[in-house]
Protein chains: 2
Amino acid sequence: MADVAERAGVSTSTVSRTLRGLSTVSPEVRARVEKAARELNFAVSRQAASLVTGRTGTVAVLVPTLNSWFMGSALSSLAPLLRAAGMQLNVYEIPDMAERTSFFEHLPARRNADALLVFSFDLTDEETARLDDLGMPVIYVSQHVDGRPSVYVDDVAGALHGTRHLLNLGHRRIAFVQTVGASGFSFSSNERLLGYQQALTEAGVPLDAELVVSTSVGSKRAAAESLGTLLSLREPPTAIFAEQDEVAVALIWNLRKTQIPVPDRISVLGFDDQPLADWFDLSTVAQSPSDMGREAGELALKLIDDSGTEHERHVVLPSYVIPRSTTAPVAPARGEEDREKGASSP
Amino acid sequence: MADVAERAGVSTSTVSRTLRGLSTVSPEVRARVEKAARELNFAVSRQAASLVTGRTGTVAVLVPTLNSWFMGSALSSLAPLLRAAGMQLNVYEIPDMAERTSFFEHLPARRNADALLVFSFDLTDEETARLDDLGMPVIYVSQHVDGRPSVYVDDVAGALHGTRHLLNLGHRRIAFVQTVGASGFSFSSNERLLGYQQALTEAGVPLDAELVVSTSVGSKRAAAESLGTLLSLREPPTAIFAEQDEVAVALIWNLRKTQIPVPDRISVLGFDDQPLADWFDLSTVAQSPSDMGREAGELALKLIDDSGTEHERHVVLPSYVIPRSTTAPVAPARGEEDREKGASSP
DNA sequence: CGTCCCTGTGAAAGCGCTGTCACAACGGCA
DNA sequence: TGCCGTTGTGACAGCGCTTTCACAGGGACG
């Protein structure tokens, strides 16, 4: 910066003022400084600037993975927004428990960012507490924490509506396939199960624990097992609500292989509306991670700007049922046909 | 840091030494300092540290998008590697040309990172030149630039092998479907076309410009148009090599809709081996972006460590043909049957 | 015509660290 | 016993900026 000052024949104070766009610089001097800066290829060192201002010009995000449709979409809308605000984006990917412990022990984000966005983690109370005295705004994304700024989709309502859709099609035996082991996402998982149960209860359909099974994501084999469990019940389901599109597609894949027609025999409903759903023409409950990323980014910028006032804002995003070709009105089950026959011939 | 020093009853110098793990600190003092630091929840400010050391402890990556299988995989292997090395990851997502120009004008990464990884861009000479005098190591990933460190998959060889696979199955009319408009990736695009052409040439099959068509990615409709062009040629292809799995799947989707059996009537080969390929049991040429991310990260760390020596390393990663169910030996075309018939009945 | 205020600029302090240098303490060796 | 090398620690300068404060130079106003 001293070089620029010399070249422009001014003091470093003036260079600093010019480069930050302060108005107290005369047009001619401004022009000279800008010219000099351009010629010298000069860029302000954020390190040095933040040392004195106390602001780092950086937003940190804590994510369980970068390799998913969900995180990709969210970050893809978050990043340009931050860039437009002159902020840098710092990514901490914490895939496993070991790294996670280490992260919360050292909190490397402390003092190295102006705000932290925590995506999709199931934080312990202790972890939340540690984030609290981090000395910077923390925003919880895709999860809600009481008393802290949060941005999330209403998973309960989403699952409620999805289940209602199936109920409205006449289904009564509706299975719910949970996903386990997707580290960082079990928050949504519980909420979705809750919505499913609420819908059944409000419709007067008794909950049947047998109809709720777990599977691990990304495995056709695991899906086959879950499917087998459901298909070998005394009273198998006529519809399956999968907590994630990927699982729904795996179920459909296995059903087709078994020649069980979807949706004629069994309806399948997913949750997420990721691209895969479109490829398989899957009925699903849509959420928009890119909206979430944008909302989270805007909230972060807001909190950074007026860190004085107490923001305790919760942004709740909607979800929508997208009916496609994998859900259909319930077909009379074989069992029922039998019973009818039996009843009409005494 | 002054607080920690006071609490531990030592000077800030000693605290600094302790926290950086230098050996010249006695065990007892070390313990005292670490305890104090823990109690005060202290984390060193990278800003201040980098101001004096000149190293930022940050690696910047320039990516065209964050919302793709490719970038997700690559960053997912890059991020933990950097974290393990105590480095932060700074992401610049440059989706469009406007942002790109702005990025290269201001080069915000200058002095704010120790190395820059440039993913999948088709840089102009001027842009490359600007990166050159950035004052930090620049590594080109998923592209190769002469004289600069690069990490990339051998797309030419991949396409060559893929095309050979089709040739070996007896296909002679092999179409190539290019992808346009995927900003930041046309580098691979050209290389893949080249490999396709090489394979045909080496097999003595004449190149036919009609068999090379373009489509835009992510659109079933666009794929349908390309397909239509190929199916309405005087001599339509018996195999289609798509530059990307996503396009290949879109082609298959349209072919199935049209009741043209794959691979019985037309073989389809993709490139990438992304998860979608597995879902559709698509034959494809596999590449590993996660390997690429890892290699790029390791190279970056190496270059940061010994910035003195001139590294001009190129890391070339392999690709493999993965035959699945969408490629099969060529079936006698209707045209040939006719001709045979015609030839045998003069 | 003198005073006051406003505008634009420079000098200098200091942000939180690191790294050099000096120095105290101690043990080994002559 | 005196000297020297070794080890551990503290004082302090300075990294590249921002920001306060002081101040010069003009107009406006009484």
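Ala74(A) counts as buried because 31 C-beta neighbours fall inside 10 Å, where 20 would already be enough for that label. The model in which this residue sits is a predicted one, and the residue itself belongs to helix α5 of chain A. Once neighbours within four places in sequence are left aside, Ala74(A) is in contact with Phe119(A), Pro289(A), Ser290(A), Met292(A) and Gly293(A). Part of this setting is brought in from far along the chain, since the C-alpha atoms of Ala74(A) and Ser288(A) are separated by 8.3 Å although the two residues stand 214 residues apart in sequence.

Helix α5 of chain A also leads to the contact between the two protein chains, in which 34 residues of chain A meet 34 residues of chain B. On the chain A side, α4, α5 (69-84) and β2 (88-93) each supply at least two residues, and α5(A) gives the most, with six. By residue type, the side of chain A that touches chain B divides into 14 nonpolar, 15 polar and five charged residues.

From there the path goes to the DNA. Residues 1-53 of chain A are covered by the annotation "domain: HTH lacI-type", which comes from an unreviewed UniProt entry; over this stretch the chain is 70% helix and 0% strand, with the end C-alpha atoms 17 Å apart. Around DNA strand C there are 22 residues, and the closest of them are Ser11(A), Thr14(A), Val52(A), Met1(B) and Ser16(B). Both protein chains contribute elements here, with α2 and α4 of chain A and α2 and α4 of chain B each giving two or more residues, while α4(B) gives the most, with five residues. This surface near DNA strand C is made up of eleven nonpolar, ten polar and one charged residue.

DNA strand D is surrounded by 24 residues, of which Met1(A), Ser16(A), Ser11(B), Thr14(B) and Val29(B) come nearest. For this strand the largest share of the nearby surface, five residues, comes from α4(A), and the residues divide into eleven nonpolar, eleven polar and two charged.

In chain B, helix α10 (residues 220-231) offers a view of how a helix is packed: its twelve residues reach 16 Å from the first C-alpha to the last, close to the 16 Å expected at 1.5 Å a residue. Its buried residues are Ala223(B), Ser226(B), Leu227(B) and Leu230(B), and seen down the axis they fall within an arc of 100°, so they line one face of the helix. The general background is that an α-helix has 3.6 residues a turn, so residues three or four places apart point the same way. The cover over these buried residues includes β6 (174-180), β7 (212-216), β8 (239-242) and α11 (245-257) of chain B, whereas Arg221(B) and Gly228(B), on the other side of α10(B), are exposed.

Some backbone details remain, and they stand out because most residues other than glycine have a negative phi, and most peptide bonds are trans. The peptide bond from Val262(A) to Pro263(A) is cis, with omega near 5°, and the bond from Val262(B) to Pro263(B) is cis as well, with omega near 10°. Pro263(A) lies in the loop between α11 and β9 (267-272) of chain A. Asp281(A), not a glycine, has a positive phi of about 50° and is exposed, with 11 other C-beta atoms within 10 Å. Ser142(B), likewise not a glycine, has a positive phi of about 65°, but this residue is buried, with 29 other C-beta atoms within 10 Å.

How values were computed: Residues numbered from 1 in each chain as written. Chains lettered and ligands numbered in written order. Predicted model: local features only at pLDDT ≥ 70, side-chain atom pairs only at ≥ 80, totals over all residues. Helix = DSSP H or I, 4+ residues; strand = E, 2+ residues; numbered from the N terminus. Expected span 1.5 Å × (residues − 1). Buried ≥ 20, exposed ≤ 12 C-beta atoms within 10 Å, placed from the backbone. Arc of directions from axis to C-beta. Contact = placed C-beta atoms within 7 Å. Near = placed C-beta within 6 Å. Nonpolar A, V, L, I, M, F, W, Y, C, P; charged D, E, K, R; others polar. UniProt positions renumbered as here; feature names shortened; annotations may be inferred.
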